[in-house]
Amino acid sequence: MNNLKLLPWLLTFAEVAQRRSFTQAANQLGLSKSAVSQQLKRLEQHLGQQLLSRHTRGMSLTSTGEKLLGRCELLQVQVDLALEEVNSSKDAPSGTFALTIPHSCERDIVIPALNQLCLEFPKIEPKILVTDEAKDLIKDKLDVAIYGGTLKDSNYRALPLGSMREVFCAAPGYISQKGLLESPRDAAGHRWISPPWQGREITFYANDDLSKGISMTFDAFAHTNTLPSALEMALQNMGIALLPQEVLQSHIREGRLIRVLPDYQGAQWDFHLVHRFQGEKPLHITRFYQLVRHFFEKAHLAVN
């Protein structure tokens with residue numbers, strides 16, 4: 001039997017029984033006196049037992065009513081505790097914070113943002129899935145996803161973070177063996193490392209004009225399913241890679257990689273923070289977005 005419909009009646013009964021007054025209970029519950037009386041009548045009819053005795057001096061509980069009141073008082077306490085816990089979580093978020101992020105945002109953007117978030121909300125427990133594959137928030141039980149590329153139509157909410165551009169790079173050892181590219185037309189004579197989001201066609205855009213580019217199709221020398229492994233292949237002299245500039249900046253600055261065709265770049269990707277909350281976002285989600293956007297802009301400025 002589904003007894004959920006009885007919950008409002010039980011709570012109303014507890015209010016009447018504790019106050020020994022229909023009028024006072026109605027005022028406390030924000031109901032009319034007749035509505036309170038009807039709920040009590042329906043509860044007694046459902047149970048097939050009398051709970052209250054009405055007399056000239058007021059009312060009293062039957063033995064069944066006394067037993068039921070003890071249980072209903074515990075029910076009231078549980079409801080109060082549940083609401084108190086929900087309300088307190090607005091000010092002090094706690095529990096698992098599950099998110100998925102691409103490798104390009106891991107080190108310099110998301111981890112610093114999470115570190116600050118946990119300092120501000122120490123009861124938060126981050127659970128991070130780092131992958132370059134798109135995940136579904138509900139299916140994969142995630143609160144937030146950071147996504148690069150064209151957004152798919154969905155019921156989720158997307159907040160803009162900024163954009164990243166891809167640049168061509170190779171290790172000095174590879175360049176010494178194969179030579180520098182003079183123009184995109186030289187690309188076919190080189191070995192290319194292909195991460196999962198790149199197909200056989202690569203487009204070379206002039207840095208000052210992203211409206212059109214030079215597209216070339218050729219087979220990659222090596223394929224990999226993650227950005228870190230593509231980066232490591234480039235560092236190990238295996239070929240040329242087209243990767244996000246923010247990921248490459250320290251390697252280029254310290255000479256481990258060389259910017260190939262510096263007058264050209266690959267695609268430019270828009271990044272968003274996607275969440276599944278329809279109404280007002282939880283406090284820690286709002287703060288996390290602020291922090292991620294701050295570190296995203298900081299990483300972007302570092303390469304310009």
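A residue is called buried here when its relative accessible area is under 20%. The model to which this term is applied is a predicted one.

Helix H9 offers a suitable starting point. The helix covers residues 283-302, 20 residues in total, and extends 29 Å from its first C-alpha to its last, close to the 28 Å expected at 1.5 Å a residue. Its buried residues are His284, Ile285, Phe288, Tyr289, Leu291, Val292, Phe295, Phe296 and Ala299. A general feature of helices is helpful in reading such a list: an α-helix has 3.6 residues a turn, so residues three or four places apart point the same way.

Arg287 is a residue of H9 that does not belong to the buried group; at 24% relative accessibility, Arg287 is partly exposed. Its side chain forms a salt bridge with Glu120, and the closest N and O atoms are 2.8 Å apart. Because Arg287 lies in H9 and Glu120 in helix H5 (residues 106-120), the pair ties together parts that are 167 residues apart in sequence. Glu120 is likewise partly exposed, with a relative accessible area of 31%.

This contact is one of seven salt bridges found in a search of the whole structure. In general terms, side chains of opposite charge can pair when their charged atoms come close. Another of these contacts joins Arg276 to Asp143, with 3.1 Å between the closest N and O atoms. This pair also links distant parts of the chain: Arg276 is in the loop between strand E14 (268-275) and H9, whereas Asp143 is in the loop between strand E4 (124-130) and strand E5 (144-148), 133 residues apart. The two partners fall into separate accessibility classes, since Arg276 is partly exposed at 33% and Asp143 is buried at 12%.

A further salt bridge is local in sequence. The side chains of Arg19 and Glu15 meet at 2.6 Å, N to O. Both residues lie in helix H1 (residues 7-19), four residues apart, or about one turn of the helix. Glu15 is buried, with 9% relative accessibility, while Arg19 is partly exposed at 34%.

Attention may now turn to the strands. Strands of a sheet pair through backbone hydrogen bonds, either parallel or antiparallel. Strand E3 (residues 95-101) is mostly covered, five of its seven residues being buried. E3 pairs with E4 in the parallel sense over seven bridges, and within this pairing Gly95 stands opposite Ile124 of E4. Between these two strands the chain passes through H5, and the resulting β-α-β crossover is right-handed. The helix in this crossover, H5, is the one that carries Glu120, the salt-bridge partner of Arg287 in H9. E3 also runs parallel to E5, to which two bridges join it; here Thr100 of E3 stands opposite Ala145 of E5.

An arrangement with antiparallel pairing is found elsewhere in the chain. An open sheet of three strands has the order E9-E8-E13. Strand E9 (209-217) and strand E13 (264-265) stand at the edges, each with a single partner strand, so one side of each is left without a neighbour in the sheet. Strand E8 (residues 201-206) is joined to E9 by six bridges, and these strands run antiparallel. One position in this pairing is Thr203, whose bridge partner in E9 is Ser215.

Definitions and conventions
Residues are numbered from 1 along each chain as its sequence is written. This is a predicted model: local features need pLDDT of at least 70, side-chain atom pairs count only at pLDDT 80 or more; totals for chains, interfaces and linings use all residues. Side-chain values use heavy atoms; hydrogens and water are left out. The expected span of a helix is 1.5 Å times one less than its number of residues. Buried means under 20% relative accessible area, exposed over 50%, partly exposed in between (1.4 Å probe, protein chains only). A salt bridge is a side-chain nitrogen of Lys or Arg within 4 Å of a carboxyl oxygen of Asp or Glu. Two strands pair if DSSP finds at least two bridges between them. A crossover is right-handed if, with the strands pointing away from the viewer, the path from the first strand over the helix to the second runs clockwise.
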